[in-house]
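Work through the exercises below with the sequence and the model side by side, and try each task before reading its solution.

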Amino acid sequence: MQKRGMASLRQMHRTGPHIKVRPERRILDGNPMLKGVVLKTLIKKPKKPNSANRKCVLVRLSNGKEMVAYVPGIGHNLQEHNIVLVRVGRLQDVPGVKLKCIRGVYDLPHVIKQKQV
């Protein structure tokens, strides 16, 4: 077995810097938003230091994919067969959730303002 040494300065200058090629993550095939139909409402738990119940929905998108999307804000009334608009937006503390629903479009209303007591 032969030991390979470091590349010479001339070799490094000739080849240029080594840049790692990362695969493209096109979750919605390059679209900014897609319409989808709710299949099921889910409650997901976040990763280790955080503790909560994140409200998510399983959505069949108009491109045929089934993905989990996060419903932002306090309270929602989503059920099966409701139509939602989803955008790309990762939920950092919940694994596998790469979409967010947009409030105020189709069957997902705006967040209702909390009453001050």
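**Exercise 1.** Decide whether Asp29 is buried, partly exposed or exposed, and find where Asp29 is located.

*Solution.* Begin with the cut-offs: a residue is buried under 20% relative accessible area, exposed over 50%, and partly exposed in between, with a 1.4 Å probe and protein chains only. Asp29 has a relative accessible area of 44%, so Asp29 is partly exposed. Next, place Asp29 in the loop between α1 and β1, where helices (H or I, at least four residues) and strands (E, at least two) are DSSP runs numbered from the N terminus. Finally, look at the backbone: Asp29 has a positive phi of about 55°, although Asp29 is not a glycine. This is a predicted model, in which local features need pLDDT of at least 70 and side-chain atom pairs count only at pLDDT 80 or more, while totals for chains, interfaces and linings use all residues. Residues are numbered from 1 along each chain as its sequence is written, and side-chain values use heavy atoms, with hydrogens and water left out.

**Exercise 2.** Classify Val21 by its accessibility and state where Val21 lies.

*Solution.* Val21 lies in the loop between α1 (9-15) and β1 (33-44). Its relative accessibility is 77%, and therefore Val21 counts as exposed.

**Exercise 3.** Describe the order of the strands in the barrel, and then the pairing of β4 with β5.

*Solution.* The five strands form a closed barrel that runs β1-β2-β3-β5-β4, with mixed pairing; two strands pair if DSSP finds at least two bridges between them. Now take one pair: β4 (residues 83-88) and β5 (residues 99-101) are joined in the antiparallel sense over three bridges. Within this pair, Arg87 has Lys100 in β5 as its bridge partner.

**Exercise 4.** Which residues have the most contacts inside the largest nonpolar core, and which strand gives the most to this core?

*Solution.* A nonpolar core is a set of buried Ala, Val, Leu, Ile, Met, Phe, Trp, Tyr and Cys residues joined through side-chain atoms within 4.5 Å. The largest such core has 15 residues, and those with the most contacts inside it are Val57, Val84, Val86 and Cys101. Going on to the strands, β1, β2 (54-61), β4 and β5 each supply at least two residues of this core, and β2 gives the most, with three residues.
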